[in-house]
Structure formats: C-alpha cells, structure tokens
Amino acid sequence: MFYSKRNLHFNLYEVLQAQELNKYAYYEDHSAETFDLVLESAEQIAEKMLLPLLTEMDRDEPQLVNGRIKVHEGMKPIIKKFGDDGWINATFSYDEGGQQLPGLIHNAAAFIFQAANYSASVFPFLTTGAANLIRTFGSEELKATFLETMFSGKWQGTMALTEPDAGSSLSDITTSATPTDEEGVYKIKGQKIYISAGDHDACENIIHLMLAKIAGGPAGAKGISLFVVPQKRISENGLEPNDVATAGVYHKMGYKGAPIAHLMMGAEDNCVGYLVGEPHKGLSYMFQMMNEARVGVGMNAAAIGTAAYYASLQYAKERPQGRSITDKNPANPQISIIHHADVKRMLLFQKSVVEGSLALLLYCSKLADIAHVSSGEEQSEAALLLDFLTPIAKSYPSEMCCLTTSAAVQILGGAGYTTDFPVEQFYREARIHPIHEGTTGIHGMDLLGRKITMQNGRAAVLFFNECGKTIHDAREIPTLESCASELENSLRTLQKVTNHLLGIAKMGDTEAYLADATLFLEMTGIIAIAWQLLKSGVVSQNALNSETTHDSDRNFYNGKLAAMNYFFAYELIKVEGLAKRLQEDNKVTIETEADWF
Ligand SMILES: Cc1cc2nc3c(=O)[nH]c(=O)nc-3n(C[C@H](O)[C@H](O)[C@H](O)COP(=O)(O)OP(=O)(O)OC[C@H]3O[C@@H](n4cnc5c(N)ncnc54)[C@H](O)[C@@H]3O)c2cc1C
C-alpha cells in the first residue's frame with residue numbers, strides 16, 4: 001500500500017464536499033461518479049506503470065550520452081499514456097481539448113502518482129504548468145504552434161529560471177534576449193541550471209518557458225521577460241536544432257529518475273525565443289506557474305511522506321522484536337514492534353503530519369478551483385486566502401516530510417538504512433522539497449514580509465476567520481472542546497507574535513523583523529495543520545457518534561482522532577516555544593559576524 005484511498009475519499013467527499021463543485025457552470029458535467037472514475041484510473045496507472053519502476057529509476061539514473069540526456073526507457077510509454085489519456089490538459093476547457101476537471105481532483109490524482117513514483121510523476125505535470133503559461137499569456141500563434149503537441153505528451157514543458165548566480169534572487173538573471181527583425185522573436189543567450197526535465201529522450205522536443213532580460217529594459221525583477229524557447233524549432237522541414245545545448249546532467253541524492261539539466265543557449269548565436277505576453281512582465285507571469293507548482297511541491301512531499309508512512313506501518317506490524325514492558329518472561333513469544341509506545345509515537349507523528357498536510361493541500365486546491373470559476377467576493381476571498389496559504393502549503397509538508405521519512409527509516413531500524421527496503425529512498429527523495437520552488441527561507445520572508453500585511457492584513461483575517469469557524473464547530477462536540485480551546489489559544493499567540501513583529505517593522509528595523517521569518521512560517525504552519533486536523537476531527541467524531549456508521553469504518557475514524565490528538569499534544573505545543581523566541585530581543589543571528597565562524 002503506497003497511499004490510502006479511504007483517506008483520500010474522506011478528504012474529498014466528507015470534509016471538502018468535492019461533489020458540490022458541480023454547482024459552478026465550469027464543472028457542471030462532473031459528479032462524484034466522474035471523480036471516482038478519474039481517481040480509479042490514476043490508481044491503475046500508478047500501480048501498473050509507475051510503482052514497478054520506483055526502485056529501478058532510482059538506481060538507473062539519467063546519463064548524458066553524446067550531448068543528450070537518456071532517461072529510463074519506461075518513461076516514454078508513461079508520458080505517452082499521460083498524453084493519450086488527457087492528463088496533461090485535464091483541467092483546461094473543452095474548447096482547448098480539456099475535460100474541465102477540477103484542480104482538486106487533478107491534484108488528488110497527482111498525489112497518487114507522486115506517492116507511487118515521484119520522479120516519474122513530474123514529467124507530465126511540468127508540461128501542464130508550462131502549457132498553462134502559454135495558454136494564459138501567449139499569442140494565438142504561440143498557442144497554435146505549441147499547445148496541442150504539448151498536451152499530447154510528444155513535447156515536454158519546463159520552467160527555466162535558475163542561473164548560476166541567480167537562484168533565490170531571480171532579479172539577478174543575466175540570460176539576454178535581443179530583438180530580431182521579426183516581431184516577438186528574440187535571440188537568446190545565456191545559461192540555466194537545475195532545469196527539471198530540461199533535456200531527455202522520452203519526448204521529441206522540449207519547450208522551455210524561460211526568463212530572460214531584454215537589453216535596455218528596467219533593472220532588476222522589473223526587467224524580466226518570459227519566452228518560449230524550444231529545444232528544436234519548427235521549420236518547413238520539421239524540427240531543427242535551436243542552439244540549446246545540454247552542458248550536463250546533475251547527479252542527485254534522490255529524485256534520481258528525473259533528469260535535471262544544465263543548459264547553454266546561443267553559443268552559436270542561433271537560439272530563438274518567442275516573447276510571451278508583454279515585455280518585462282515575465283516574472284509576474286511566471287508566478288502563476290510557480291504558485292501552482294508550490295502547492296504541487298507540497299503535494300509531492302506529502303505523497304512521499306505518505307508512501308514512507310505506509311511502508312513503515314507494514315514493517316511495524318510484521319517485525320517481531322522484544323516484549324511488552326510489563327512482560328518479563330523470555331519464554332513468551334516476541335511481540336510486533338507496533339505494540340511499543342515509542343514506535344506508535346513515530347507512526348502517529350508520520351500519520352498526523354502527512355494526513356494534516358494532505359488535508360491542507362487539498363483545501364488549497366479547492367480554493368484554487370473556486371478562485372478560477374466563481375466571481376465577486378467569493379472569488380476574491382478564495383484567491384486571497386490561497387495566496388496567504390501558499391508558502392505554508394509549500395513549506396510545512398516539505399520541511400516536515402524530511403522528518404517523517406526519517407521516522408520511517410527509524411522504525412525499520414537497521415533494515416531502514418539498507419536498500420532492501422524503500423524507506424531510505426523516500427528519505428532521500430523528500431529532501432529536495434525545502435529547496436526547489438523557493439527555499440523555506442524565501443517562503444518565510446514571503447509570508448511575514450508580504451502575505452501577512454497584504455491588503456491591510458485582509459488575507460490574515462480570512463485565515464483567522466476560517467480557523468474560527470472550525471473552532472466553533474468543534475465546540476459543539478464535547479470531546480473536542482479542549483482541542484478547540486488549544487487552537488484558539490495558539491491563534492491568540494500568533495496574533496500577539498505578529499503584532500510584536502509588525503511593531504519592529506514599524507520602527508524601521510527590517511532586518512530584525514525578518515531575521516526569524518522561517519520560524520514564523522514554522523509556527524503558522526503548525527497552526528494551519530492543527531486547524532485541518534481539527535476539521536477532520538469534527539467530521540470523524542460526528543461519524544463515530546452516528547448510529548449509521550458502519551463498524552468497519554470505526555477504526556478509520558478513531559485513527560483520525562488519534563492523529564489529531566497526537567498532533568495537539570506533541571506538535572501544537574511547539575507554538576509557545578517558537579512564540580517565546582520570536583518575541584525575545586535576541587539578535588544573535590544578526591550580530592554574529594561572518595568572520596566568527
Ligand atoms: C533537483 C532540482 C530541481 C530543480 N528544478 C528547477 C527547475 O525546473 N527550474 C528552475 O528554474 N530551477 C530549478 N531548480 C533550482 C531551484 O529552484 C533552486 O536551487 C532554488 O531556488 C535555490 O536557489 P540556489 O540553489 O541558487 O540557492 P541560493 O539562492 O544560493 O540559496 C542558498 C541558501 O541561502 C538562502 N538564501 C538565499 N538568499 C537569501 C536571502 N535573501 N535571505 C535569506 N536567505 C537566503 C537560501 O534560503 C538557501 O538556504 C531545481 C533545483 C534542484 C536541486
């Protein structure tokens with residue numbers, strides 16, 4: 001078992017009421033039945049095509065051969081399958097050949113693919129993001145030239161931002177774009193590093209959505225434009241080289257099945273790029289893709305964490321070792337390790353973090369759908385709340401699934417450290433997520449420096465209000481009263497800390513204001529997950545109180561409540577420690593000089 005269908009359905013139908021999305025015209029043809037068909041088919045692809053290659057793709061990593069990256073031969077049929085079955089453009093409109101599928105269901109399906117084989121899952125969804133930029137901001141000509149073939153899976157999409165001297169600081173990119181005589185067509189020169197799926201032999205062509213600067217434009221981020229830069233350009237004779245060379249492939253600690261390329265453009269002054277939208281607006285366009293990708297990165301982390309959780313759960317049930325603490329008789333048989341409290345602690349840690357993360361990520365996916373298809377206040381509030389939650393939904397699962405996959409390794413003891421079991425791979429694969437799509441440090445500054453204050457704090461108010469609604473619902477149920485109060489207290493603490501930090505900002509000490517933004521993000525993340533778990537707790541306790549709930553479902557709901565109780569007892573209490581740190585006047589990280597290390 002690599003994920004729980006029961007838990008996914010619980011989130012979609014019992015908590016989020018996904019079936020109600022069909023009240024919006026865009027989704028009116030859909031229902032719980034069509035959603036189930038999509039999820040069933042995702043599970044079949046995951047089990048038949050992705051899961052069997054999980055270990056092989058880790059061991060047989062991409063190689064640079066004669067200037068091209070070769071990937072595992074299983075990737076070609078997988079990408080074709082995703083194209084043939086309409087996964088790449090499933091959320092797009094009927095007019096564009098899509099299925100108008102809610103992003104919520106698309107992301108739930110992506111979660112299944114990611115849990116089965118993270119490396120394999122990234123290829124098609126990178127294409128979705130790149131195509132989405134072209135369809136949203138590109139000219140009719142660009143759409144006609146690129147979209148259909150990208151949707152079919154024949155051409156791979158990428159996002160090409162990072163350069164050797166510009167990772168977190170994209171305003172420092174130096175890749176240049178020089179206008180040609182043809183309108184909208186530029187000569188591109190420069191290099192990009194760490195480009196996911198930036199070159200490989202499982203597709204005919206690679207379509208880079210690339211950031212570059214047009215000479216003479218404004219300095220910094222305001223001078224960045226977005227281009228379509230195909231690896232091979234389209235000519236009357238078919239595809240011909242576009243002076244995009246692959247300088248190398250990165251060998252990584254995990255996520256080894258995906259090719260991450262170093263690209264050089266324009267070495268022969270013959271690399272052509274096509275401007276997307278208006279000049280100098282590239283970074284704001286790219287943020288569309290990055291924001292979607294950020295929820296996607298959180299989902300990847302939660303999916304890998306989920307796969308590790310189920311692998312360690314199975315092992316804990318099967319591994320006999322030791323006896324109960326009260327049993328001193330060596331003649332008695334050993335018990336399986338799942339009966340030891342410390343092993344249950346590690347399982348509950350994983351369960352609460354991965355299930356809380358998944359709940360938050362699916363909630364964000366539903367907000368994105370509402371922001372996409374509704375109007376007026378409903379639309380603006382959904383978009384604003386999503387914007388506020390995005391750094392949290394990206395960073396909390398990413399950081400914490402490094403720890404949960406470590407707990408999975410720990411549960412297996414020595415076996416966990418060997419390649420005989422998959423948990424060491426999950427541990428390595430989890431580590432990329434706090435780094436790509438913006439490091440945790442950058443997201444901390446985004447949350448505290450921008451999201452908390454945007455629209456005069458309206459986004460933060462929406463977050464507090466939504467948490468307040470869950471607290472209100474939980475108060476109706478006597479067994480949840482104490483958790484409701486604990487979450488309320490934590491929110492009060494968050495408010496106090498925020499006011500304190502904003503006071504520092506008002507005094508003009510920006511460095512002190514943002515120095516511990518990562519800790520502020522961690523604290524808000526813990527509270528957001530507690531909120532989601534309390535929401536799941538309300539649904540679960542109501543189900544347990546109902547006589548119509550089937551006996552076979554009671555273990556599931558009791559498990560949800562146990563995960564919630566664990567999280568409140570072991571994780572939510574960390575908020576007070578973080579709050580103490582964030583309100584103390586200690587500037588050790590600012591005042592320690594570089595030379596002192
Ligand atoms: C496997 C993999 C896949 C990737 N895929 C892609 C891709 O498809 N497309 C793409 O464009 N890029 C991709 N990247 C690049 C990735 O997005 C960057 O690595 C990431 O944004 C960090 O940039 P950097 O590596 O230059 O680190 P740096 O920016 O040098 O950061 C190093 C450290 O310094 C901290 N730091 C940096 N600036 C500040 C600051 N102002 N204040 C406080 N702390 C700071 C960071 O938080 C980090 O801890 C990928 C990277 C990897 C490893």
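Domain bounds here come from an automatic or database domain assignment. With that in hand, we can start our tour of this predicted model.

**View 1. The protein chain is divided into three stretches: domain 1 (5–151), domain 2 (156–279) and domain 3 (439–597).** Let us look at where domain 1 meets domain 2. The C-alpha centres of domain 1 and domain 2 lie 24 Å apart. Their contact takes 34 residues from domain 1 and 31 residues from domain 2. On the domain 1 side, helix H3 (54–59), strands S1 and S2, helix H4 (75–84), helix H6 (118–137) and helix H7 (140–151) each supply at least two residues. Helix H6 gives the largest share of that side, with 13 residues. Sorted by character, the residues on the domain 1 side that touches domain 2 are 20 nonpolar, nine polar and five charged.

**View 2. The ligand has 20 residues around it.** Which residues come nearest to the ligand? They are Leu161, Gly167, Ser168, Ser196 and Gly441. Strand S3 (155–160), strand S5 and helix H12 (440–451) each supply at least two residues of the shell. The shell also draws on two domains, with at least three residues from each of domain 2 (156–279) and domain 3 (439–597). By character, the shell divides into 10 nonpolar residues, nine polar ones and one charged residue.

**View 3. Asn66 and Ala197 are two loop residues, each with a positive phi that belongs to a residue other than glycine.** Take Asn66 to begin with: its phi is near 50 degrees. Asn66 sits in the loop between strand S1 (63–65) and strand S2 (68–70). Now turn to Ala197, where phi is near 55 degrees. Ala197 belongs to the loop between strand S5 (185–196) and strand S6 (205–214). Is each of these residues buried or exposed? Asn66 is exposed, because 5 other C-beta atoms lie within 10 Å and a residue counts as exposed at 12 or fewer. Ala197 is buried, because it has 29 C-beta neighbours inside 10 Å and the cut-off for buried is 20 or more.

**View 4. Helix H16 (residues 517–545) and helix H17 (residues 551–570) pack against each other.** Two packed helices are described by the angle between their axes and the distance between the axes. For H16 and H17, the angle is about 145 degrees and the axes are 9 Å apart. H16 passes H17 in a left-handed crossing. Residues of H16 that make the contact include Ile529, Ala530, Leu533 and Leu534. Among those on the H17 side are Tyr557, Leu561, Met564 and Phe568. The residues of this contact of H16 with H17 divide into 12 nonpolar, four polar and two charged.

**View 5. Helix H11 (residues 423–430) is largely enclosed by the rest of the structure.** Why can we say that H11 is largely enclosed? The reason is that seven of its eight residues are buried. The buried residues of H11 are Val423, Glu424, Gln425, Phe426, Tyr427, Glu429 and Ala430. They pack against H3, H6, H8 and helix H10 (376–411).

**View 6. Tyr285 has its place in helix H8.** Tyr285 is buried, with 21 other C-beta atoms within 10 Å. Which residues does Tyr285 contact, once its neighbours within four places in sequence are left aside? They are Leu133, Phe137, Leu226, Val276 and Gly277. Tyr285 and Asn270 are 15 residues apart along the chain, and their C-alpha atoms are separated by 26 Å.

**View 7. Glu20 and Glu278 are two exposed residues in loops.** Glu20 lies in the loop between helix H1 (5–15) and helix H2 (32–50). Glu278 is found in the loop between strand S12 (272–276) and helix H8 (282–318). Glu20 has 12 other C-beta atoms within 10 Å, and counts as exposed. Glu278 is exposed too, with 12 other C-beta atoms within 10 Å. From C-alpha to C-alpha, Glu20 and Ser31 are 8.0 Å apart in space, and 11 residues apart in sequence. Glu278 and Gly503 are 225 residues apart in sequence and 39 Å apart in space, again C-alpha to C-alpha.

Definitions and conventions. Residues numbered from 1 in each chain as written. Predicted model: local features only at pLDDT ≥ 70, side-chain atom pairs only at ≥ 80, totals over all residues. Helix = DSSP H or I, 4+ residues; strand = E, 2+ residues; numbered from the N terminus. Near = placed C-beta within 6 Å. Nonpolar A, V, L, I, M, F, W, Y, C, P; charged D, E, K, R; others polar. Contact = placed C-beta atoms within 7 Å. Axes fitted to C-alpha atoms, helices over the stretch in contact; angles between N-to-C directions. Left-handed = near helix turned anticlockwise from the far one by under 90°.
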